[in-house]
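I set out to look up two things in this model: its enclosed space and its charged side-chain contacts. My entries follow in the order in which I made them.

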Amino acid sequence: MHRWLLSFLMLMPLPAAADDLLLGLGYLNGLAGLNLEWATEHNSFYAMPALYLDSGGLDTDEPRWVAGWRHKMERGLMSENGFYTGLMAGDLGGERHYERLGVGVELGHQWVKPYSRWTVSAAVGAIEALDCDEYKAAFRCDSEEERDNNDLDVEPVVVLGISFSLRR
């Protein structure tokens with residue numbers, strides 16, 4: 001789980017001089033956490049270490065993550081208002097008691113002020129298949145029939161997100 005995030009961050013190009021460093025909060029399909037972002041002229045790379053949040057509060061047992069890349073549309077700059085597209089990977093399944101990794105294609109809009117930025121986005125993607133014993137109690141997966149009935153296949157997912165960040 002955490003190796004994916006570390007691998008992604010290691011593959012990001014190192015900036016000669018970062019255009020914008022952003023630190024903020026994000027919410028994405030039940031995950032709430034820090035939004036850590038580096039924005040160049042036309043692209044942005046982000047990582048969001050997070051915890052699952054629902055009406056029961058934060059689930060501090062399992063840290064989660066989402067990471068991605070965004071590109072400004074219409075030859076615009078990441079320091080300007082407007083639409084962007086991107087790719088994301090991480091825990092996109094939105095479940096409290098287990099992680100479900102996936103990948104998605106994102107479309108969003110950003111509102112940029114001199115010292116802050118808001119984003120709203122939607123993505124479509126796919127989340128991984130899980131065997132019954134990977135997300136249910138072991139006794140519920142005793143028989144072959146129970147395992148077959150409770151295995152989860154690769155599934156499509158819609159991801160909705162919002163973030164607020166402070167700009168350097």
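Entry 1, the cavity. I began with the largest cavity, which holds about 120 Å³ of space. The model is a predicted one. I then searched the whole structure and found one cavity of 30 Å³ or more.

Entry 2, the lining. Which residues lie closest to the centre of the largest cavity? I noted Leu-28, Met-48, Arg-70, Ile-162 and Ser-163, out of 15 residues that line the cavity. I next looked up which strands contribute to this lining: β1, β3 (43–54), β5, β7 (116–127) and β8 each supply at least two residues. By character, I recorded seven nonpolar, six polar and two charged residues in the lining.

Entry 3, salt bridges. How many salt bridges does the structure hold? I recorded six. I then took several of them in turn.

Entry 4, Arg-167 and Asp-20. I found that the side chains of these two residues meet in a salt bridge, at 2.8 Å from N to O. Arg-167 belongs to strand β8 (residues 155–167) and Asp-20 to strand β1 (residues 20–28), so the pair ties together parts that are 147 residues apart in sequence. Are the two residues buried or exposed? I noted both Arg-167 and Asp-20 as buried.

Entry 5, Asp-91 and Arg-64. I recorded a salt bridge between these side chains, with an N to O distance of 2.5 Å. The pair links distant parts of the chain, 27 residues apart: Asp-91 is in strand β5 (residues 82–91) and Arg-64 in strand β4 (residues 57–72). Asp-91 and Arg-64 are both buried.

Entry 6, Glu-155 and Arg-100. I looked up a further salt bridge here, in which the closest N and O atoms are 3.5 Å apart. Glu-155 lies in strand β8, whereas Arg-100 lies in the loop between β5 and β6 (101–113), so this pair ties together parts that are 55 residues apart in sequence. How do the two residues compare in burial? I noted a relative accessible area of 30% for Glu-155, which is partly exposed. For Arg-100 I noted 4%; this residue is buried, because the cut-off for burial is under 20%.

Entry 7, a network. I found that Glu-37, Arg-70, Glu-106 and Arg-117 are linked in a network of salt bridges. I marked Arg-70 as a member of this network, and I had already listed Arg-70 among the residues closest to the centre of the largest cavity.

How values were computed. Residues numbered from 1 in each chain as written. Predicted model: local features only at pLDDT ≥ 70, side-chain atom pairs only at ≥ 80, totals over all residues. Heavy atoms only, no water. Helix = DSSP H or I, 4+ residues; strand = E, 2+ residues; numbered from the N terminus. Buried < 20%, exposed > 50% of the residue type's maximum accessible area, 1.4 Å probe, protein only. 1 Å grid on protein atoms, 1.4 Å probe; cavity = no way out; pocket = protein on both sides within 12 Å on 5 of 7 lines; lining within 4 Å. Points joined across faces, edges and corners; volume = space filled by probe spheres on them. Nonpolar A, V, L, I, M, F, W, Y, C, P; charged D, E, K, R; others polar.
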